[in-house]
2 protein chains.
Amino acid sequence: MEVTKSLRPAFSSDVLIRKLRGIADISDDDAAALGGLTIQEKDVPANRDILLEGDRPTNSFIVLDGVVCSSKHTGAGKRQITSFFVAGDLPDLHGIHLSVMDCNFSSMTPGRLGVIRHSVFRSICEQRPRVATAFWRSTLIDAAIYREWVTNVGRRDAYARAAHMLCELIVRLRFAGRIEDHVADLPITQAALGDAVGLSAVHVNRTLQALQGDGLIATSGTKLRALDWPGLVQAGEFVPTYLHQKDPDVAF
Amino acid sequence: MEVTKSLRPAFSSDVLIRKLRGIADISDDDAAALGGLTIQEKDVPANRDILLEGDRPTNSFIVLDGVVCSSKHTGAGKRQITSFFVAGDLPDLHGIHLSVMDCNFSSMTPGRLGVIRHSVFRSICEQRPRVATAFWRSTLIDAAIYREWVTNVGRRDAYARAAHMLCELIVRLRFAGRIEDHVADLPITQAALGDAVGLSAVHVNRTLQALQGDGLIATSGTKLRALDWPGLVQAGEFVPTYLHQKDPDVAF
DNA sequence: CGCTCCCTTGAGCACGGTCAAGAAGGGTGG
DNA sequence: CCACCCTTCTTGACCGTGCTCAAGGGAGCG
């Protein structure tokens with residue numbers, strides 16, 4: 001069953017255009033210009049560092065396939081994942097205007113990236129204000145997601161926290177057109193999930209079992225299925241407004 | 001001793017210009033244009049809602065005085081503060097491109113706001129690309145702060161978490177030119193501080209006492225003094241890179 | 001076949017939450 | 001000016017969520 005293959009666009013610029021059309025009004029003219037961008041494709045294995053704190057990159061990248069995360073490390077050697085990025089997302093778009101990276105980017109799963117030079121971004125932003133706005137908006141949505149994560153980590157217990165995270169991942173993968181229904185192929189370790197929700201790997205394991213025990217999710221290998229989507233949404237208090245998608249109904 | 005008074009700029013546009021000059025290159029010409037903006041001043045008492053989740057504002061505001069926060073509420077009725085904003089900050093600048101508010105804004109202390117219409121922002125952004133970039137950069141810095149907060153709340157213990165938060169507040173107030181040395185006048189309740197760092201009010205109290213006991217801070221009334229700034233920075237693992245100020249030395 | 005990484009489970013513990021009650025401060029009205 | 005009230009701070013006691021440490025099992029890979 002090569003379902004995912006048929007879902008994948010032929011050109012990397014299509015991934016970008018789909019993303020922007022999900023969050024802003026992009027004319028066919030603008031889309032054509034985006035289609036002409038130079039995007040250098042690059043495969044990455046899982047768990048590979050892409051960019052490190054302190055770097056001063058001259059490129060940004062778009063996720064074409066797989067899952068990428070941004071993370072920070074504390075003095076005690078602990079890791080906090082601050083966001084996930086799926087197909088279409090531009091994890092370090094902020095690098096255009098923030099010269100020094102304040103976090104790390106790494107691949108969580110095997111994936112494909114599209115590398116775009118900052119200068120390319122800057123010139124299309126100058127020429128096409130609508131596109132510039134869409135990019136700005138994209139970074140604002142990232143910020144909205146960070147806000148939600150602060151709330152998730154700060155004020156929800158393990159059960160709700162994990163449920164919320166799964167909801168977000170599933171919905172974002174749906175927006176990206178990478179999954180049908182509520183079944184996601186997420187080859188992410190429980191330790192990584194713990195680093196994202198601020199829990200230990202052991203407790204993530206127990207929490208996922210609790211979610212399974214309540215019939216909300218089912219896992220088999222790396223596949224995650226939301227058996228009871230409304231139940232999962234409720235458990236995680238998940239309200240997708242913060243994702244600011246133009247057509248939020250896609251999420252359900 | 002009216003120290004704070006003499007630190008305060010005469011015009012609200014000066015607060016904006018100072019802010020932007022702290023994070024971007026703003027020519028005198030651009031500054032002059034910013035000085036001509038229509039900013040309607042508005043006093044707010046402490047603990048007043050400014051904007052609520054779901055609102056669709058047509059204005060943004062700049063903090064001229066006092067401290068403002070953004071917050072979210074969970075289903076369990078708990079509050080998480082997702083960021084603080086001090087003089088010069090533009091808390092809901094994202095409202096320009098994100099029509100629906102995904103969080104609340106409220107004043108933490110008595111303060112003064114400057115209201116600016118979205119249309120005014122949009123037109124200055126069109127006419128002055130440098131200014132547009134500075135505004136974009138401002139929202140990117142907000143996002144960087146959110147990332148740091150996720151890390152703070154997710155992976156640091158109460159002691160380090162509180163220390164980090166105090167460091168950030170002090171440094172940002174210094175950048176804003178609102179305090180000298182490391183003494184801040186912060187009429188913020190311990191409950192509010194707890195909502196920001198994801199702790200209960202009781203535990204914030206005990207943690208602050210621990211910080212005092214270790215000689216890192218001293219409090220008298222609403223005044224907070226960092227007795228041992230290097231010690232506080234170390235306790236909070238505070239690295240101000242994520243604030244992306246042009247002249248980070250001001251922080252020390 | 002053996003190594004490594006990840007998942008799983010158990011046991012004990014500690015950090016921080018909750019509940020409750022008293023003290024202190026600040027504002028308001030008589 | 002004082003009395004009162006309300007909010008905030010403070011402290012104690014208990015408890016529970018989630019962490020740590022440790023060990024075994026399973027799956028993938030060289």
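Which residues are the closest to DNA strand C? They turn up in the second view below.

**Ground rules for the views.** This is a predicted model, in which local features need pLDDT of at least 70, side-chain atom pairs count only at pLDDT 80 or more, and totals for chains, interfaces and linings use all residues. Residues are numbered from 1 along each chain as its sequence is written, chains are lettered from A and ligands numbered from 1 in the order in which they are written, and side-chain values use heavy atoms, with hydrogens and water left out.

**View 1. Confidence along chain A.** Chain A averages a pLDDT (the predictor's confidence in each residue, from 0 to 100) of 93, and 95% of its residues score at least 70. Residues 1–6 of chain A are another story: pLDDT stays under 50 there, and the model gives them zero contacts (heavy atoms within 4.5 Å) beyond four places in sequence. Where pLDDT is low, the predicted coordinates should not be read in detail.

**View 2. The protein around DNA strand C.** Here 15 residues surround the strand, and the closest are A:N205, A:R206, A:Q209, B:A158 and B:S200; a residue counts as near if one of its heavy atoms lies within 4 Å of the strand. Sugar and phosphate make up 64% of the atoms of DNA strand C that come within 4 Å of the protein. Two side chains of chain A face phosphate oxygens of the strand: an N or O atom of A:N205 is 2.7 Å from one, and an N or O atom of A:Q209 is also 2.7 Å from one. A:R206 goes for a base instead, with a polar side-chain atom 2.5 Å from a base nitrogen. For reference, a polar contact is a pair of N or O atoms within 3.5 Å; within protein, one must be able to donate a hydrogen and the other to accept it, and residues adjacent in sequence count only if both atoms are side-chain atoms. α8(A) brings the largest share of the surface near DNA strand C, four residues. By type, that surface splits into four nonpolar, seven polar and four charged residues. In this scheme Ala, Val, Leu, Ile, Met, Phe, Trp, Tyr, Cys and Pro are nonpolar, Asp, Glu, Lys and Arg are charged, and the others, Gly among them, are polar.

**View 3. The protein around DNA strand D.** Again 15 residues surround the strand, with A:A158, A:H203, B:N205, B:R206 and B:Q209 the closest. Of the atoms of DNA strand D that come within 4 Å of the protein, 62% belong to sugar and phosphate. A backbone N or O atom of A:A158 sits 2.8 Å from a phosphate oxygen, while B:Q209 puts a polar side-chain atom 2.6 Å from a phosphate oxygen. In B:R206, a side-chain N or O atom is 2.4 Å from a base nitrogen of the strand. Helix α8 (201–213) of chain A and α8 (201–213) of chain B each supply at least two residues of this surface, and α8(B) gives the most, with four. Helices (H or I, at least four residues) and strands (E, at least two) are DSSP runs, numbered from the N terminus.

**View 4. How the two chains relate.** A turn of 180° and a shift of 0.0 Å along the axis lay chain B on chain A with an RMSD of 0.0 Å, superposing by least squares on the C-alpha atoms of residues with pLDDT of at least 70 in both. That is the relation of a two-fold axis. The copies meet through the same surface, because 100% of the interface residues of chain B are also interface residues in chain A.

**View 5. A:E168 in helix α6 of chain A.** This residue belongs to the helix spanning residues 158–175. Is A:E168 buried or exposed? Buried, with a relative accessible area of 2%; the cut-offs are under 20% for buried, over 50% for exposed and partly exposed in between, using a 1.4 Å probe and protein chains only. Its side chain and that of A:W149 make a polar contact of 2.9 Å. Not counting residues up to four places away in sequence, A:E168 touches A:I145, A:W149, A:F238 and A:Y242.

**View 6. B:F85 in strand β5 of chain B.** The strand covers residues 79–85, and B:F85 is buried at 0% relative accessibility. Beyond its neighbours within four places in sequence, its contacts include B:V63, B:P91, B:F105, B:Y146 and B:R172.
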